[in-house]
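Me: Please take a close look at one part of this model. Then set that part in the rest of the chain.

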Amino acid sequence: LPPAIVTRLKQIASAIRHRALVYETWGFDARLASGKGLLVLFAGPSGTGKTMTAGVMARDLGLDLYKIDLSSVVSKYIGETEKNLDRIFRAAQSSNAILFFDEADALFGKRSEVKDAHDRYANIEISYLLQKIEDHDGAVILATNLTKNIDDAFARRMHCVVKFPVPDEEQRERLWRGMVPTQAPVDPAVDFQFLAAQFPLAGGDIRNVVLDAAFRAAEDGQVITMPHLVKAIEQQLIKQGRMPGAADFRQYYDLL
């Protein structure tokens with residue numbers, strides 16, 4: 001991540017670490033009726049490290065990270081979603097864990113104009129969740145690829161918004177090289193500089209490509225080579241809906 005974002009993330013971790021000192025020892029809790037928790041929004045394209053960052057922060061702080069599975073929270077039955085949310089916040093309260101809502105726009109989406117009963121109950125769920133996160137005095141991290149879909153009321157209550165950018169060329173080369181373990185056999189001819197310059201992939205995509213290439217190399221019974229990586233990149237681009245051609249791979253196109 002860019003240095004400015006790393007600095008901001010360290011400030012957020014410091015705020016979580018020193019909450020007891022500021023609120024209890026220094027008496028700031030007496031000045032606040034609510035909103036004593038820390039609400040953080042991680043926003044950015046898929047694969048830019050939002051989920052990984054939440055895990056790294058929790059480990060650095062020595063706290064558990066409760067990653068909320070939305071499929072187990074949202075229910076089609078009236079009132080069940082609120083009950084599930086209540087159980088989650090009570091569990092987090094008693095364990096001092098960090099709550100992490102991935103794909104948060106699915107649960108924290110904009111409230112809509114009420115046209116039928118379904119709209120009314122959907123809005124009630126969002127309002128209930130808004131109340132719960134405001135009353136919660138722990139750390140809550142939301143991650144989303146679609147910031148515009150987050151309800152304005154949630155956005156206003158965020159203490160911190162961290163935007164995760166797609167890595168630049170220099171950062172991509174570090175990601176390419178760093179993704180390969182030191183014990184993995186790699187052909188010295190692998191052109192990481194070319195891969196970083198030619199393919200503007202996010203960190204999650206680079207991870208997928210390197211892992212795919214490693215399995216290809218294992219199947220061939222040899223070291224990880226440029227042909228393995230090139231073929232893995234082709235598959236990753238196709239998965240993203242792109243049809244790569246000679247202009248993408250240039251001098252390595254013949255390896256496909």
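The part to examine is helix α11, and the reply starts there and moves outwards.

Reply: The model is predicted: local features need pLDDT of at least 70 and side-chain atom pairs count only at pLDDT 80 or more, while totals for chains, interfaces and linings use all residues. Residues are numbered from 1 along each chain as its sequence is written, and side-chain values use heavy atoms, with hydrogens and water left out.

Helix α11 covers residues 226-239 and includes Gln-236. Leu-229 is found in helix α11 too. Helices (H or I, at least four residues) and strands (E, at least two) are DSSP runs, numbered from the N terminus.

Leu-229 counts as buried because its relative accessibility is 3%. Buried means under 20% relative accessible area, exposed means over 50%, and partly exposed lies in between (1.4 Å probe, protein chains only). With residues up to four places away in sequence not counted, Leu-229 touches Trp-176, Val-190, Leu-195, Val-209, Val-210, Ala-213 and Ile-224; contact means heavy atoms within 4.5 Å. Leu-229 and Leu-256 are 27 residues apart in sequence, and their C-alpha atoms are 9.8 Å apart in space.

Gln-236 is buried as well, because its relative accessibility is 6%. Once neighbours within four places in sequence are left aside, Gln-236 is in contact with Asp-205, Asn-208 and Val-209. Val-209 is thus named among the contacts of both Leu-229 and Gln-236.

Leu-229 also belongs to the lining of the largest cavity, together with Val-180, Val-186, Val-190, Phe-192, Val-210 and Ile-224. Val-190, Val-210 and Ile-224 are in that lining and are also touched by Leu-229. The lining divides into seven nonpolar residues, no polar and no charged. Here Ala, Val, Leu, Ile, Met, Phe, Trp, Tyr, Cys and Pro count as nonpolar, Asp, Glu, Lys and Arg as charged, and the others, Gly among them, as polar. The space in the largest cavity is about 30 Å³, and the structure holds one cavity of 30 Å³ or more. On a 1 Å grid over the protein atoms alone, a cavity is a set of points where a 1.4 Å probe fits but cannot get out, and a pocket is an open set with protein on both sides within 12 Å along at least five of seven lines; lining residues have an atom within 4 Å of a point. Grid points are joined across faces, edges and corners, and a volume is the space filled by probe spheres set on the points.

The largest pocket has a volume of about 990 Å³. Its lining holds 30 residues, and Leu-1, Thr-48, Gly-49, Met-52 and Thr-53 lie nearest its centre. Two or more lining residues come from each of α1 (3-17), α3 (50-61), α8 (169-179) and α10 (203-220). The largest share is that of α3, with seven residues. By class, the pocket lining has 13 nonpolar, 10 polar and seven charged residues.

Next come the strands. Strand β3 (residues 98-101) points Ile-98 and Phe-100 one way and Leu-99 and Phe-101 the other, and all are buried. Parallel pairing over four bridges links β3 to strand β2 (residues 65-68), with Lys-67 opposite Phe-100. Strand β4 (residues 139-144) also pairs with β3 in the parallel sense, over three bridges, and Leu-99 stands opposite Val-140 there. Two strands pair if DSSP finds at least two bridges between them.

In strand β5 (residues 160-163), Cys-160 and Val-162 point to one face and are buried, whereas Val-161 and Lys-163 point to the other and are not. Strand β1 (residues 38-43) runs parallel to β5 and is joined to it by four bridges; Leu-41 has Val-161 as its bridge partner.

Asn-96 lies in the loop between α5 (80-95) and β3, and its phi, near 60 degrees, is positive in a residue other than glycine. Asn-96 counts as partly exposed because its relative accessibility is 48%.

For the chain as a whole, there are 12 helices and five strands. Of its 256 residues, 40% count as buried. Among contacts between residues at least 6 apart in sequence, 72% join residues at least 24 apart.
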